[in-house]
Amino acid sequence: MDTQTALQAIQEQPLAPVYLVLGTESFLIDKIKAAFFSRLQLQKDDLDFVFFDMEEDLVNVPVAEAEALPLFSAEDKRLIFVENCYFLTAEKKTNAPEHDFEDLLNYLEHPSDTAIMVFFAPYEKLDERKKITKVLKKASVLIDTQPLGEKDAEVYIKRSVEASGLKMDRKTLALFVQLTDLDLTKAMNELQKLRIYAGDQGKITEKDLLALIPKSLDHNLFDLTDHLLQGRTEQALRLYQDLLLQGEETIKLNAVLISQLRLYLQTQILMKLGYQQSNIAKTLGVHPYRVKLAMQRVRKFSPHRLQHLYDRLIENDYLVKTGQMDKELLFELTVLEAAGQF
């Protein structure tokens, strides 16, 4: 079931003995954890709550805990979190303990009626070939905490902004979505910061967002790419120097810009072939939101312009790695050349 359905079920319906929380969205995972604590009226330091990390603890230990009787729980239940269940995936952990699943497999056939055991698998997918995976999925209530799709995440973030009491116009709200990359965890954390900043007035402007939400490297490189493509020499050089002061390496910046230009070129070609955003994302194996931003930008530039800058950056990479030119001087020359080519 999806997270919203699960949250309602945890609060209102009889609890199942075993749950499996699958997905990588930490904000949704935290909401699920909070729902269990609320329903059972427990705190993290209560005796009727225990948690185990499967990268450090043996899997038979939480099974033994589940068979122990509760002490003070309001619903006469113990709450057991079993985290980082990497053994459900194909991943190999060199320093993790060797797990014997016999006790767990037996427990899953007849789980205790005085324990709520919640397995957390913060992964995109499980190894369905493994016996433990098959048995656990069959014996548990599965809760999906994978990142929301673009539209669902955008709706969730916008509703959260409205529910917070903050006032943003449409442009400001769109900028907030962009600056938080449709990442619920990041968006909710930044929302708390904005609430404190706005105070009783509650109004947030675009200027406020740009001052309060730090731009990620990806955002800065989107801006740097735009500056180069539009021949904005001063802005490009200033941003480049800022990134160097933040500890970024010229070779790394050049490589990421190459990747960015490649995405632009591929997106532009596929758009001309009639591909839509979802088709482009699937074809290129890129997050749909990155494709959306690329589609918005490439409409402004000719294929020749994109190709020229892409080729120049490829040449830069070769000249620097073969020791023929100083990396920073070469990059600055590229910025100046880009202005002349505009």
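Colleague: Where does His-99 lie?

Modeller: This is a predicted model. In it, His-99 sits in the loop between β3 (78–83) and α4 (102–109).

Colleague: Why is His-99 called buried?

Modeller: Its relative accessible area is 14%. Buried means under 20%. His-99 therefore counts as buried.

Colleague: What makes the link between Met-54 and the side chain of His-99 a polar contact?

Modeller: The backbone oxygen of Met-54 lies 3.0 Å from a polar atom of the His-99 side chain. The cut-off is 3.5 Å, so the pair is within it. Leaving aside neighbours within four places in sequence, His-99 also has contacts with Asp-57, Leu-58, Val-59, Tyr-86 and Phe-87.

Colleague: Which loop holds Asn-84, and why is Asn-84 called partly exposed?

Modeller: Asn-84 is in the loop between β3 and α4. Its relative accessible area is 23%. Partly exposed runs between 20% and 50%, so the label fits Asn-84.

Colleague: What is notable about the phi of Asn-84?

Modeller: Phi is positive, about 55°, although Asn-84 is not a glycine. Most residues other than glycine have a negative phi.

Colleague: And Leu-182: buried or exposed?

Modeller: Buried, because its relative accessibility is 9% and the limit is 20%. Leu-182 is in the loop between α7 and α8 (184–198). Its phi is also positive, near 55°.

Colleague: Why is α6 called oblique to α7?

Modeller: The axes of α6 (residues 150–164) and α7 (residues 170–179) cross at roughly 125° and come within 11 Å. Roughly perpendicular ends at 115 degrees, and roughly antiparallel starts over 145. The angle falls in neither class, so α6 is oblique to α7. The crossing is right-handed.

Colleague: Which residues meet there?

Modeller: Glu-154, Ile-157, Lys-158 and Val-161 of α6 meet Leu-173, Phe-176 and Val-177 of α7.

Colleague: Why are α10 and α12 called roughly perpendicular?

Modeller: Their axes cross at roughly 70° and come within 10 Å. The class covers 65 to 115 degrees, so the pair belongs in it. Among the residues making the contact are Leu-221 and Leu-224 of α10, and Val-256 and Leu-257 of α12.

Colleague: Which residues have the most contacts inside the largest nonpolar core?

Modeller: Met-168, Phe-176, Leu-209 and Leu-224, in a core of 58 residues. Helix α12 (residues 250–272) gives the most to this core, with 8 residues. Apart from it lies another core, of 28 residues, including Val-63 and Phe-87.

Notes. Residues are numbered from 1 along each chain as its sequence is written. This is a predicted model: local features need pLDDT of at least 70, side-chain atom pairs count only at pLDDT 80 or more; totals for chains, interfaces and linings use all residues. Side-chain values use heavy atoms; hydrogens and water are left out. A nonpolar core is a set of buried Ala, Val, Leu, Ile, Met, Phe, Trp, Tyr and Cys residues joined through side-chain atoms within 4.5 Å. Buried means under 20% relative accessible area, exposed over 50%, partly exposed in between (1.4 Å probe, protein chains only). Helices (H or I, at least four residues) and strands (E, at least two) are DSSP runs, numbered from the N terminus. A polar contact is a pair of N or O atoms within 3.5 Å; within protein, one must be able to donate a hydrogen and the other to accept it, and residues adjacent in sequence count only if both atoms are side-chain atoms. Contact means heavy atoms within 4.5 Å. Axes are lines fitted to C-alpha atoms, for helices over the stretch in contact, and angles run from 0 to 180 degrees between N-to-C directions. Angles under 35 degrees count as roughly parallel, over 145 as roughly antiparallel, 65 to 115 as roughly perpendicular and the rest as oblique. A crossing is left-handed if the near helix is turned anticlockwise from the far one by less than a right angle, and right-handed if clockwise.
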